[in-house]
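Student: Could you walk me through a structure today? I'd like to start with the aromatic rings and then jump to something else.

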Amino acid sequence: MSGTDNERARKTAESLAYSSGFGNEHSSEAVPGALPHGRNSPQRAPLGLYAEQLSGTAFTEPRSSNRRSWLYRVRPSAAHPAFSRIDNGALRGAPFTEVEADPNRLRWDPLPEPAAGTDFLAGLWTLGGNGDATQRTGMAIHLYAANSSMTDRVFSDADGELLIVPERGALLLRTEFGLLRAAPGHVALIPRGVRFRVELLEDSARGYVCENYGRPFTLPDLGPIGANGLANARDFLAPVAAYEDVEGPVQVVNKFCGNLWSATYGHSPLDVVAWHGNHVPYVYDLRRFNVIGSISYDHPDPSIFTVLTSPSDTPGLAGVDFVVFAPRWLVGEDTFRPPYFHRNVMSEYMGLIEGAYDAKTAGKGGFVPGGGSLHNMMSAHGPDRDTFEAASAAELAPRKVSDGLAFMFETRWPVTATAQALAADHLQSGYDTVWQGLERHFRS
Ligand SMILES: O=C(O)Cc1cc(O)ccc1O
Ligand SMILES: [Fe+2]
């Protein structure tokens, strides 16, 4: 991508307007009068636009979890040519059956630099996942590395919503609902089925994607925490309507039941002039997260750091939780302060957006930004040897953990890695050794 394109995208991204709130009925019109009032589907939609409903949940789901939006667009989405299969590149989908699920603790370095001209879609690389896209259960973990903007093509995912976690390089997301800027430290969510294009605001971009096949991410209940805290609803930002009036070939790539399908439209489908609803994309700045923790003793379970949760039919059991380890004060008295040793029925994939994570040694060969670790169901893990020794001996003055931003995709089902993830050069060897040398101290 040329510097001029970068510059143009950067200029656009500088002055974006947003509509704030989570799960509320947003509405926006790029042209005054484009949004009908008093009804969703008038006999003739305003300004000659076509009205279209986009349903992210079944019509009949409870009001509290129902997601749908009404779009008023230049052309109806239905007017398109047939889709045909294209190569999946390094994208894989659920069910993950290429290799057997592996109980070993695994850790990866960042993805290698992509070939020149790799855009976000071409740069997606699947690490693993669970469930079944056709059953709308489970999740996939992807990473991306790109050095080019998507041009003349858009992407949409019928299989699930995409939670994009940039680690390097800000992105401009042009969606059917308008524009979002997502930089490292932000997360962006593209709901199921929403078409979007990713432009780079810097020369290259890298990050993580949680593809959630299950119920849409929502805010966790707060229970005794009260009415405020963790991720506050008003910090979620939806775009305002912005449409492209582009006639000419645009490739529309649709991920459907694990595979990529493509059709060439004669116009851009990002042609929505007005919309309203709650099935909308959004960005959230993780630094806005109101971190709550222990002010007496013991290290709380990391569920206290849940930003978003995809509930299952079992209360409290998430298909996948998105959890952030943001800067915070540690003040626990007589407490082993880093994450404890544990074995978890849930499976944990962790990534690092910047700095270091308080349970792991940083630096080359360690847990580094852009890398990731997988601690599958019931696999024993926790602080590495050096962290354990330092934290066991540390003087317990109040201390700010301020040098990192880590996150976790925590899922109810074991994560099966892809063949490429297990064969990758950037899979670290000898991860187990970080727990070697934890000697016995007990003497009977
Ligand atoms: O590092 C991990 O494994 C994640 C994690 C963090 C924490 O604060 C407590 C438990 C836990 O699994
Ligand atoms: Fe853990």
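**Aromatic pairs and a buried serine**

Tutor: Searching the whole structure, which is a predicted model, turns up 21 aromatic pairs.

Student: What kind of pair do F322 and F409 make?

Tutor: The ring centres of F322 and F409 lie 6.0 Å apart with the planes at 45°, and because that angle is neither under 30 degrees nor over 60, the pair counts as tilted. This pair links distant parts of the chain, since F322 belongs to strand 22 (residues 318–325) and F409 to strand 27, with their positions 87 residues apart in sequence.

Student: And are those two buried or exposed?

Tutor: F322 and F409 are both buried. F409 also forms a tilted pair with F407, where the centres are 4.9 Å apart and the angle between the planes is 45°.

Student: Which residues make up the aromatic cluster with F407?

Tutor: Y208, F322, Y349 and F409 join F407 in one aromatic cluster.

Student: Where is F407, and why does it count as buried?

Tutor: F407 sits in strand 27 (residues 404–411), and it counts as buried because its relative accessibility is 0%, which is under the 20% limit. Beyond its neighbours within four places in sequence, F407 is in contact with several residues, including V165, Y208, F322 and Y349.

Student: New topic: where is S379 found?

Tutor: S379 is in the loop that runs between strand 25 (372–375) and helix 2 (385–393). S379 is buried, with a relative accessible area of 7%.

Student: What is S379 in contact with?

Tutor: Leaving out neighbours within four places in sequence, S379 is in contact with P103, R105, H342 and R343.

Note on methods: Residues are numbered from 1 along each chain as its sequence is written. Chains are lettered from A and ligands numbered from 1 in the order in which they are written. This is a predicted model: local features need pLDDT of at least 70, side-chain atom pairs count only at pLDDT 80 or more; totals for chains, interfaces and linings use all residues. Side-chain values use heavy atoms; hydrogens and water are left out. Helices (H or I, at least four residues) and strands (E, at least two) are DSSP runs, numbered from the N terminus. Buried means under 20% relative accessible area, exposed over 50%, partly exposed in between (1.4 Å probe, protein chains only). Contact means heavy atoms within 4.5 Å. Rings of Phe, Tyr and Trp (its six-membered ring) pair if their centres lie within 6.5 Å; planes under 30 degrees apart count as stacked, over 60 as edge-to-face and the rest as tilted.
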